[in-house]
Every structure is written in structure tokens, then in C-alpha cells.
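User: I would like to learn how to read helices and sheets in a model such as this one. Could you take me through some cases?

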Amino acid sequence: MTSPLILTLEESRDPSLVGGKAAGLSRLLAAGFAVPRGACVTAAVYRHALSTAGISAEAVWRRVLQASPEERSRELSKIRESLLRHAWPAGFQTALEGRLAGLAHDPVTRWAVRSSATNEDAEQASAAGLYCTSLGLSSPEVLGGIFECWLSLWTDAAVEYALRTRGDTPCPSMAVVIQPLLQAAVAGVAYSIHPVTGRTSQVVINAVPGLASSLVSGEVTPDQYVVEVAEDDGQPVRIRRRVLVRKQRKFVSAPAGVQAERISDSEQEQSSLSDAQLFQLARLSKQIETAFRHPVDLEWVWDAERLWVVQARPITAVRPAPALTNDECEWTRANLKETMPELPSPLGLSFLERFMDAYIIAPYRRLGCTVPDGLSCVRVLHGRPYLNVTLFYTLITQLHGNPSFLTEQMGGEPLGFTPSVRPLSGRALVRAGLSMMREWRRVVREGPLNFAVMKDMAMTYQAGRIGSLSAKEVAETLERLGQWLDGHEVTFGIAGGVAQSLQAMGTFLPGWLGEDWRELLNASLQGQGSVISAQHILRVAELVEVARNEVLVQRWFLSEGWTAAGFREALADTEFLRRFEEYLADYGHRAVGESDIMSPRIADQPDAVLVLLQTQLRVGKDVLPGEIISRQVERRQDALAEIHRRFGWRRHRGIVFRWWYRRLSRFCALREANRHHLLYYSTAVRHLLLQLGERMVEQGILTQCDDVFYLTMDERSALTAGAQRDWQRLVIERREELARDTEVQVPDTIRDWEAVLEQGSSMTSQEADGVLRGIAVSAGTATGPVRLVRSTDDWKRVRPGDILVVPVIDPGMAPLFGIAAGLIAEMGGTLSHGAIIAREYGLPVLVNVPYASSVLRENEQVQIVSSTNTVSRLVP
């Protein structure tokens with residue numbers, strides 16, 4: 001049976017006759033997708049041309065595959081010359097004219113003539129861009145366009161591609177697709193998966209105004225977009241990336257063919273596609289992927305009428321990857337920002353990464369949760385650490401938890417995109433639950449014992465007691481302490497107990513108490529006296545009271561030109577000094593930015609606390625410890641009474657609430673106790689590291705003892721092992737890098753890591769009509785003047801009744817809570833250490849108020865209202 005010479009696209013189903021491109025368009029039409037009408041000049045016409053030109057294609061193909069590059073080029077040139085002698089099949093030209101007349105919109109219709117080789121757009125190899133495409137041809141020029149497609153089969157590039165993809169490939173044949181050229185408003189390509197990472201939840205789109213010929217040929221840079229889609233149904237969720245370029249000209253179809261047209265200045269930087277168009281394209285890409293049963297790369301055109309598909313081929317060089325990558329995840333500085341300095345030391349950052357992996361992520365794995373390979377928990381940008389919020393979302397979801405509480409507990413902004421996550425099976429969940437119950441029992445049983453050991457470590461390794469240790473002895477001691485921590489760390493179990501309790505109460509309390517359930521719960525947690533960090537505040541208030549009652553001490557604090565220098569000599573034998581030394585013994589290991597081992601402790605610089613005490617004595621508005629306690633107790637009792645009043649006659653609600661309330665209270669207290677005593681451990685390690693630094697300075701390896709903090713943990717180990725390296729140069733480079741990073745502003749939340757690296761950050765506040773919004777983490781209402789507090793240098797300006805405005809609630813700021821009226825933080829969450837302390841003290845607190853320290857001005861009057869989650873600027 002004679003093979004047909006021309007077929008409609010609907011009839012072009014046999015790839016061996018019509019090639020991959022035509023067969024793909026036929027599949028699209030059969031599946032109901034919009035494809036411009038067209039015809040296919042089949043490979044039978046090409047084979048007839050070879051025969052009339054006296055060319056044995058198979059024999060020549062074998063020769064060129066085996067020939068040297070020089071011989072191959074000569075052979076291919078001969079083939080192209082021989083094809084010039086071809087003859088068209090009888091009646092073909094007349095049949096083609098008839099087909100074109102039937103397809104033409106009008107007498108001056110221009111045509112798109114595209115190759116459709118039998119090895120093109122195949123699942124194993126796409127041959128993308130390898131063969132000829134001619135746009136804007138007139139009807140008489142179509143025959144020449146067909147011939148050019150044939151010639152493009154016999155080029156060095158085509159043969160090299162065949163050798164690279166599959167050396168034994170049979171000789172391909174060439175069919176040709178002919179369609180009327182569309183009047184493109186915008187055109188481009190779309191990939192149903194990310195063409196680099198293989199992420200199946202991302203559709204990548206490139207677009208240019210007018211025809212896409214310059215885009216596919218690589219002559220211009222297109223507008224580039226990434227659209228996030230849901231993994232379960234392929235529906236677009238958000239536009240993840242939008243990279244726009246200046247577009248000065250476009251190619252359009254005109255009566256004389258394709259011509260360049262200048263784009264007006266006002267339109268050159270406009271997006272080629274609207275959000276709605278991007279969503280439609282993403283949806284279409286996933287629909288075609290489903291129809292073809294593999295990821296696709298499609299070329300599309302938008303004209304005045306609709307969206308058209310002009311090609312769809314398999315994506316061949318990328319393996320689909322449903323697993324998350326770091327660049328796709330969303331990151332936050334919340335939680336970390338409140339316990340670390342703005343720019344932590346390299347040693348502090350490396351310890352953070354190891355701590356999170358070993359003591360937080362590894363336990364999740366032991367529960368049966370999946371963490372994709374290569375996914376990090378911590379990432380650093382310009383010296384600032386970020387937590388992977390997306391990762392924690394997946395872990396909570398796998399354990400059947402409610403991830404909607406994630407932002408409230410961790411702080412920061414809600415996730416913009418939530419990936420598809422498969423929860424653990426029922427059996428696996430039971431195993432995980434039993435494992436957590438064992439961990440909670442271990443925490444309650446071993447926690448207090450571990451805390452005592454860590455406190456002893458701080459005493460054992462005081463600076464004055466380790467001065468005789470050699471570098472080797474210090475290294476051995478650090479190794480031994482690290483091994484101890486591996487076997488006794490309880491942070492995961494405690495954090496799990498707090499999170500589980502809050503999630504459970506967040507499930508039933510909204511229905512039982514109403515919309516203000518959070519405020520009532522926060523108030524009910526005040527004044528229990530069991531949170532060790534909150535007791536810090538009472539101790540400071542006690543010191544003020546003692547100082548006021550001792551004439552010598554009060555006179556010293558209020559003396560003209562007062563400084564804290566020489567306080568021990570000036571206050572010798574006073575009750576105040578004795579109590580102050582006790583305070584330093586109990587809280588001197590705490591600090592601002594205390595999670596970084598490089599941060600000086602309160603005991604290293606007690607002046608900051610003495611300045612605060614002097615301010616309170618000078619102002620004369622003391623807050624007595626007894627008043628603090630009674631105020632806290634009264635608020636807690638009032639909140640609990642209101643909670644039980646709302647339960648009414650439903651006694652079972654009270655029973656359930658009391659059980660979870662006791663559990664939450666216990667784990668909140670354990671959480672702060674664990675942190676407090678981990679900092680004893682940290683202080684011991686800090687003293688040992690400074691001793692190591694002294695030994696390295698003596699040996700001429702380092703310049704200053706604190707240089708050791710500018711090394712990572714692995715580098716510190718290499719240093720003590722005697723590794724030969726220019727350590728002084730490395731430290732200098734790290735210090736210089738830290739100085740450069742201080743000049744860089746970074747966002748608190750990163751939704752697209754690559755975009756932040758390329759474009760920088762944009763920072764905006766969420767203020768409307770003089771009202772800023774956030775999340776209340778401690779109940780109450782407070783009005784007062786703004787006091788911006790960014791470091792301990794600002795403590796001396798704090799007065800009773802001030803509203804403190806801070807980047808984060810650093811637990812090291814606890815001494816200030818005793819005199820402040822309220823607190824506003826740019827970041828934070830209900831589970832943050834600072835929030836727990838503030839809640840225990842009864843301080844009204846609003847967190848997640850973006851850029852509050854930039855928007856609010858020193859001394860301006862504001863009001864915090866926790867019930868409405870607002871900060872009102874009282875004087876516009």
C-alpha cells in the first residue's frame with residue numbers, strides 16, 4: 001500500500017511516517033487541546049526525493065556515523081548537494097497547493113514550516129532546536145521551506161546529536177508540519193517540571209512579546225516565571241518567581257513576512273504575561289503532562305483569540321524529582337533571631353547546624369519521618385541563620401499534627417506554599433506515639449539530674465580553675481563534654497511536649513471558649529513561679545529594693561558622675577554586693593544573643609545590669625517583688641476563673657482542660673529550665689575555648705584568644721589535631737566577612753532563596769491608619785512611650801512604663817521586663833523562650849510586627865491591645 005504524501009494533523013498518528021512533532025500535535029488534538037489547524041508532508045515525500053536523487057540514505061548514514069569529523073563534513077556536504085537533484089512526487093505540488101488553500105485565512109496568509117523528523121520529540125531524545133523551522137513564508141515559498149527541513153537532517157550538529165544520544169540509531173527520515181502563522185501577542189515555552197531540579201511541583205515558563213522564534217533560538221532573554229502547583233491535582237498555587245527583562249523589540253507576522261517591531265518605552269519592562277495567563281499556562285502544562293504520561297516541554301502562542309499549543313515534546317534530560325530542595329523551601333529567622341546575635345560567630349553557626357541536625361531532626365527520623373536527602377534544617381545568608389519552615393511543616397504533617405499552629409509557635413510569617421506530604425500510616429503513627437511517650441518519661445525522669453550536672457560543669461570549668469590546662473587537655477575535655485551531651489540532650493522531648501499540649505488545646509479551646517481563647521490561655525499561664533527565666537525578673541526587682549534600703553549603696557548609685565567601674569571595691573561588705581554576687585552566680589551565665597557561644601555573658605559585663613539598677617533608683621519608680629508576684633497570681637486566677645465560668649455545667653471540659661493545662665505548664669517550665677542549664681554547659685565550653693585560644697596565642701598560631709570563635713567546629717578540631725594551615729589569615733578573612741555582612745540588610749522571611757540572592761530584599765511594614773498588626777503572645781493592654789532597644793547599650797534609656805520595641809524578645813533582656821509596660825517585637829512566636837518569660841511575668845506582648853523598630857519612633861505614644869492583635873500609634 002502506498003504511503004500518503006500529505007495528512008491532516010488529526011490523521012498524523014504514525015511517528016515513523018509523520019515524525020515526532022506531527023504525532024505529538026495529533027495526540028494533543030485527540031486529547032482536546034487547542035492546536036492550530038495544519039497539514040503534515042509525510043516522510044514518504046522525503047524518501048521519494050532521496051530515491052530520485054540516487055541517495056541510499058541508510059548506507060550513507062552508517063558511513064557518516066563511523067567517519068572522522070573531517071570525512072563526515074565532506075560526506076554530508078555531498079548529500080546536501082545531491083538532494084538538489086531531487087524530484088517531487090507526481091501530483092504532490094498540486095495537492096499541497098490545495099491543502100494550503102483550504103488552511104489559509106486569506107490570500108496573503110503566511111506559513112510556519114517546521115521539521116518533524118522521525119527521531120524528533122521522542123521520549124529518549126528530543127532533538128530540540130536541531131532541525132529547521134521557517135516562519136512567515138508565503139505560499140510559493142513553502143516548497144523551499146520543506147526542502148530546508150530535509151537539508152537540516154544532514155548536518156554535523158544532527159549527526160553529533162545522534163552519536164551522543166544513541167550511536168546505533170537508525171537513519172532518521174524527515175516529515176514537515178505546515179500551519180498558518182499565528183498573529184502572536186506573546187509566545188514562549190513552558191516546562192511541566194523544573195528543567196534543572198526536576199521538581200514536579202514547579203512549572204517554568206519563558207515568554208516574549210510577539211513570536212517566539214528569537215526565544216527558542218537563544219537570541220533574546222525572555223521574561224522568566226516559576227509557578228508553584230499542587231502536587232496532587234496540578235492546580236496552580238502561586239507565582240514563585242518572576243524575573244522580568246527589558247524587551248526593546250518583538251517579531252511579528254506581517255504581509256511581507258516576519259519583521260521586527262520596536263516596543264514602546266512604557267511597555268519594555270512590563271510583564272509579558274498576566275498572573276491569570278501564567279496560571280492558565282501552568283494548568284495547561286500539567287494537563288498535557290497527564291495526557292502524555294510524562295513531563296513535557298511545550299511551545300505556545302497567545303493571539304487575540306486564545307492560547308494555542310504549537311508543539312509538545314518529552315522532557316528528556318531531567319529526572320522528575322518530587323522531593324523538596326533547599327531552594328524551594330521557605331526560611332525564617334524567627335526563633336533563632338531572638339536567641340542569637342544579629343551576626344553569630346562561625347563557631348556558633350556551625351554548632352547551631354550540628355545541634356539542629358543531631359538533636360532535633362535526627363529524633364524526627366527515629367520517629368519514622370522522612371527527610372529528603374540534601375534538605376537542610378539551617379541555612380545561612382550574609383552571616384544570618386535561617387530555619388527551614390517548610391521542613392518542619394512536612395515533619396508535623398507526617399505525624400498527623402496541625403501545621404496551622406506552626407507560625408504561632410515558631411514565629412515568623414505563614415507558609416506561602418505548602419507542599420504535598422504523605423502522613424505516616426496508622427501503624428507507623430502508633431510506633432511514633434509510643435516512642436514519644438518514652439521520650440517524655442525520660443525527660444521528666446532524667447531532666448533535673450542532667451540540669452544539675454550542667455550547672456556543676458560551669459563551676460568546674462570556671463576561668464580561674466582551668467588556667468593550667470594544655471591545648472591537648474582542653475581538646476580532650478571538649479570532646480568528653482560533647483559525648484556527654486549526645487547521651488543526655490532532652491530538648492526534642494521537651495519541645496514535643498509543649499507543642500503537643502498547645503496543639504491539643506488549640507483543637508478544643510476555640511469551640512469551648514470563643515475567639516479570645518488564646519488571650520485567656522496566655523493569661524492563665526502567668527505567675528506560676530515555675531519558669532526559671534521569669535524568676536530572673538524578680539531577682540532584679542529584689543536587688544533594687546535592697547539597694548534602696550542600704551544608704552551606702554544608694555548613695556554610690558546616685559553619686560555625681562556615676563560609673564559602674566570598681567563596684568566591688570566601692571560596695572565591699574554590703575548586703576547588696578552579697579546579693580548581687582548570688583545573682584551573678586545564678587544568672588551571670590545568661591546573655592543577650594546567648595545561643596552564640598561567643599556572646600559575652602552577664603558575668604563578663606555586669607555593668608549593663610548595674611546601669612539598669614541605677615536607672616530604676618534614679619527614677620524612683622520601683623516595682624516591688626511582692627507586687628509583681630501578686631499581680632501575676634491575680635491575673636492567672638482571674639483567667640482560670642473565666643475559663644471555668646465559660647465551661648459552665650460541662651464538668652468534663654474542666655477535667656480535660658486541667659489535664660492539658662498541667663501538662664503544658666510542666667513542659668513550659670522544663671523548656672526554660674533546659675535552656676537555662678544548657679547555657680551553664682555553654683558557659684563551661686566557652687571558658688574552655690578561651691583557654692584553648694590562649695594556648696594557641698602562646699604558640700603563635702592565633703593572634704587573640706577569641707580568634708577561636710571564628711573557626712567552625714570541624715576547623716577547631718583540625719586546629720587542635722595539629723593541622724597545618726594559615727589560621728591567622730583565615731580568622732582575618734572571617735572578621736572581614738563579618739564586617740561586610742554588617743552592611744547588608746536581609747529579610748526575616750525568605751520564600752525564594754535564589755530570588756533573594758539575585759535581587760536583594762524588599763522590606764515593607766504592614767501599617768494601616770496608624771495601626772500595626774501582629775500576634776499576641778501574652779495577654780493585656782498597655783499604653784506608653786516607645787523605647788527602641790537594640791542592644792545592652794540601650795538599657796540605660798529604659799524607664800518604668802516604657803513600651804519596649806525590639807527586633808526579637810531575647811531572653812537576656814529579662815531584667816528589663818520588670819519595669820516595662822509592654823513589649824513589641826518584629827519576630828517571635830508563642831513557643832519562643834522570650835514569650836514564655838514575658839507571659840509568666842504578665843507583660844502584654846505583640847510579636848510578628850514587621851519592621852516595628854524602623855516604623856515606630858523613640859518616645860512616641862503607642863497602645864498595645866492583645867485582644868485585637870494591634871499596636872495603635874496614638875499621635876498620627
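Analyst: What follows treats one helix and then two groups of strands. The model is predicted, with local features needing pLDDT of at least 70, side-chain atom pairs counting only at pLDDT 80 or more, and totals for chains, interfaces and linings using all residues. Residues are numbered from 1 along each chain as its sequence is written, and side-chain values use heavy atoms, leaving out hydrogens and water.

User: How does the end-to-end distance of helix α15 compare with its expected span?

Analyst: Helices (H or I, at least four residues) and strands (E, at least two) are DSSP runs numbered from the N terminus, and the expected span of a helix is 1.5 Å times one less than its number of residues. The 23 residues of α15 (491-513) should therefore span 33 Å, and the end C-alpha atoms are 31 Å apart, which agrees.

User: Where does α15 kink?

Analyst: A bend is the angle between axes fitted to the seven residues ending at a residue and the seven starting there. In α15 a kink of about 35 degrees lies at Thr507, shortly before Pro510. Just after the helix, Gly514 has a positive phi of about 105 degrees.

User: Which strands pair with β23?

Analyst: Two strands pair if DSSP finds at least two bridges between them. Strand β22 (residues 803-806) pairs with β23 in the parallel sense over 4 bridges, with Leu804 opposite Leu823, while 2 bridges join β23 to the parallel strand β24 (residues 845-847), where Val845 is the bridge partner of Leu823.
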